[in-house]
Amino acid sequence: MYFGRVVGSVWATVKNPAMTGCRMLVVQPLTPELENTGKRLICTDCTGAGAGELVYWVRGKEASFPFLPAEPPVDTTVVGIVDEVHVKRLLPAAVAVVAQVAVPVPEKAPAPVHRKASRKG
């Protein structure tokens with residue numbers, strides 16, 4: 001799944017008959033930090049997402065699954081609307097500090113040796 005923002009919609013007067021009734025949206029792919037990444041693309045919509053909403057979308061054969069039993073010829077589909085995004089990432093300086101800190105590894109004590117008592121009998 002991919003993350004994006006709906007930035008528009010598409011109206012097509014002529015399209016494949018299997019796509020009749022499918023909404024098409026213009027989606028801008030985003031990073032988890034909400035920065036644009038990649039080119040805008042056209043996605044069909046099965047959620048009712050509107051302009052400006054954060055969404056997640058799928059690509060490939062799975063894009064037609066929300067429309068089953070119909071199988072429209074689509075490559076990308078919006079499958080969810082995102083309510084909130086929480087991202088916690090280390091800053092590059094913090095990553096460098098963490099990499100430099102030496103963590104002592106406790107030494108393992110040797111495993112006890114178990115010997116069978118010899119029987120004389």
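## Walking through the predicted fold

In this predicted model, Arg23 has Asp45 as its bridge partner in S3.

Q: Which side-chain link does Arg23 form with Asp45, and how far apart are the closest N and O atoms?
A: These two residues already face each other as strand bridge partners. Their side chains add a salt bridge. Side chains of opposite charge can pair when their charged atoms come close. Here the link is a salt bridge, with the closest N and O atoms at 2.6 Å.

Q: How many residues apart are Arg23 and Asp45?
A: The salt bridge between Arg23 and Asp45 links distant parts of the chain. Arg23 sits in strand S2, while Asp45 belongs to strand S3, which covers residues 41–45. Along the sequence, the pair is 22 residues apart.

Q: Is Asp45 buried or exposed?
A: Its salt-bridge partner, Arg23, is partly exposed at a relative accessible area of 37%. Asp45 has a relative accessibility of 5%. The cut-off for buried is under 20%, so Asp45 counts as buried.

Q: Which residue in S5 stands opposite Asp45?
A: S3 joins S5 through two bridges, and these strands run parallel. In one pairing, Thr44 stands opposite Thr77 in S5. For Asp45, the residue opposite is Val78.

Q: How many of the five residues in S3 are buried?
A: S3 is tied to S2 by five bridges, with the strands running antiparallel. S3 also pairs with S5, this time in parallel. The strand is mostly covered, and its buried count is four of five.

Q: Which residue in S5 is the bridge partner of Val55?
A: Strand S4 spans 54–59 and strand S5 spans 76–81. S4 and S5 run antiparallel and are joined by five bridges. Within S5, the partner of Val55 is Ile81.

Q: How many residues does the largest nonpolar core have?
A: Its members include Val6, Leu25, Leu41, Trp57 and Val78. Strands S2, S3 and S4 each supply at least two residues of this core. Apart from it lies another core, of five residues, among them Met19, Val58, Ala63 and Val74. The largest core has nine.

Q: Which residues does Val6 contact, leaving aside neighbours within four places in sequence?
A: Val6 is one of the residues in the largest nonpolar core. Core members Leu25, Ala49 and Val55 are among the residues Val6 touches. The full set is Leu25, Val26, Ala49, Gly50, Ala51, Gly52, Glu53 and Val55.

Q: What is the distance between the C-alpha atoms of Gly4 and Val82?
A: Gly4 is in strand S1, residues 2–10, and counts as buried at 0% relative accessibility. Its contacts beyond four places in sequence include Val27, Gln28, Leu54 and Trp57. Gly4 and Val82 are 78 residues apart along the chain, yet their C-alpha atoms are separated by 9.3 Å.

Q: Which residue's side chain makes a polar contact with the side chain of Gln28?
A: Gln28 lies in strand S2, residues 23–29, and is buried, with a relative accessible area of 7%. Beyond four places in sequence, Gln28 touches residues including Phe3, Gly4, Asn36 and Arg40. The polar contact spans 3.3 Å, and the partner is Arg40.

Q: Which residue meets Glu71 in a salt bridge?
A: The count of salt bridges comes to two, and Arg23 with Asp45 is one of them. Glu71 takes part in another, with an N to O distance of 3.0 Å, and its partner is Lys61.

Q: How many residues apart in sequence are the parts that Glu71 and Lys61 tie together?
A: Lys61 is partly exposed, with a relative accessible area of 49%. Both Glu71 and Lys61 lie in the loop between S4 and S5, so their salt bridge ties together parts whose separation in sequence is 10 residues.

Q: In what order do the elements of the chain run from the N terminus on?
A: The chain comes to one helix and five strands. Of its 121 residues, 28% count as buried. Among contacts between residues at least 6 apart in sequence, 52% join residues at least 24 apart. The order of elements is β-β-β-β-β-α.

Q: What share of the area that the chain exposes do carbon and sulfur atoms supply?
A: The chain exposes about 9,400 Å². Of that area, the share from carbon and sulfur atoms is 58%.

Notes. Residues numbered from 1 in each chain as written. Predicted model: local features only at pLDDT ≥ 70, side-chain atom pairs only at ≥ 80, totals over all residues. Heavy atoms only, no water. Buried < 20%, exposed > 50% of the residue type's maximum accessible area, 1.4 Å probe, protein only. Polar contact = N/O pair within 3.5 Å; in protein donor to acceptor, adjacent residues only side chain to side chain. Contact = heavy atoms within 4.5 Å. Areas by Shrake-Rupley, 256 points an atom, 1.4 Å probe, with all protein chains shown as cover. Salt bridge = Lys/Arg side-chain N within 4 Å of Asp/Glu carboxyl O. Pairing = 2+ DSSP bridges. Core = buried A, V, L, I, M, F, W, Y, C linked by side-chain atoms within 4.5 Å.
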